[in-house]
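Biologist: Please show me the structure. I would like to go through its salt bridges and ask how each label is earned.

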Amino acid sequence: MTTLSNSAISDRPFVEANTSGGEVADYFALLKPRVMALVIFTALVGMTVTPSHVNPVIGAISLLMIAVGAGASGCLNMWWDADVDAVMTRTRTRPIPAGRIRPNEALSFGLTLSVGSVLVLGLAANWLSAGLLAFTIVFYAVIYSMWLKRSTAQNIVIGGAAGALPPMIGQAVVTGSIGIEGTVLFLIIFIWTPPHFWALALVKAGEYARAGIPMMPNTAGPDSTRRQILAYSVLLAPLGLAPVFLGFGGLIYGLVGLIGGLAMIGLSVQVLRRREGEAANKAAMSLFGFSILYLFLLFSALLAEQGLGLFRPVLG
């Protein structure tokens, strides 16, 4: 880790003790529970849209292991990024920079959960899903956190692959293979990620600059970032409707995808037009907040149609 990380953490008195005395809640926070919830949700949708079925017990164990693996990668990310977290307002109260968990404890915790989740998933379901989970952990913790995040403004674009993989893992649990459904859901999340995170980055550009993270607004400039946000949103809107044309998204999904996609484009246009002061920040945060709702509603529609028998075909 960097000098800032060492100085920001090692000056705290708990470092001299054998253990940090962190509470269960602190270890749970290391797992990034909100990200874990999204991973469980998208993996479940990946399992549900698959024509085949899986034993409920195996399915439940698999979802738990996918969640644990996601939490493990989040923990390793926090271990590596403790220096950055210490200087950013929204992350400086995390367990490591706040001094509640020692870095070596977080590292051991993350590695243990990583290995355990992959092994149990492989034994419970199959080794393709376990391999995809292992790849996700390595990609996020090593390729994204240790390399891309601090070296390129395309960090979110490339690194978004890690967050987009859970639906494919869910499908692999059920079928032992990767199908068109999981691939399309992967692509939706992958293309959704840049406008989602860059909207926040426009508001937090100063903090990313102080932390030395080359986010798009700091390298290409805010205006270029706004144009790229709109370009990705324009690409996302029709991609979000792909399940309808491929036959696993029905009427409910189609309406959600159409209205949500148009709203994403409209909010992106507002981000492009409003470039100064509080109006610019408000437009960016509106897009950031709605993008979360958009993805949630999109996947919820699939889950309702496929899981609750509400599917009504749009075509044919």
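Biologist: Why is the contact between Arg226 and Asp223 called a salt bridge?

Modeller: A salt bridge is a side-chain nitrogen of Lys or Arg within 4 Å of a carboxyl oxygen of Asp or Glu. The N to O distance for Arg226 and Asp223 is 3.6 Å, so the pair fits that definition. This is a predicted model, where local features need pLDDT of at least 70, side-chain atom pairs count only at pLDDT 80 or more, and totals for chains, interfaces and linings use all residues. Residues are numbered from 1 along each chain as its sequence is written, and side-chain values use heavy atoms, with hydrogens and water left out.

Biologist: What separates Arg226 and Asp223 in helix α13?

Modeller: About one helical turn, because they are 3 residues apart in helix α13 (residues 222-240). Helices (H or I, at least four residues) and strands (E, at least two) are DSSP runs, numbered from the N terminus.

Biologist: Why does Arg226 count as buried?

Modeller: Its relative accessible area is 7%. Buried means under 20%, exposed over 50%, and partly exposed in between (1.4 Å probe, protein chains only). Asp223, at 33%, therefore counts as partly exposed.

Biologist: What makes Arg275 and Asp223 a salt bridge?

Modeller: Their side chains meet at 3.3 Å, N to O. This pair links distant parts of the chain, 52 residues apart, with Arg275 in the loop between α15 (251-273) and α16 (277-307). Arg275 is partly exposed because its relative accessibility is 34%.

Biologist: How many salt bridges does the structure hold?

Modeller: The count is 7. Among them is Arg100 with Asp26, at 2.7 Å between the closest N and O atoms.
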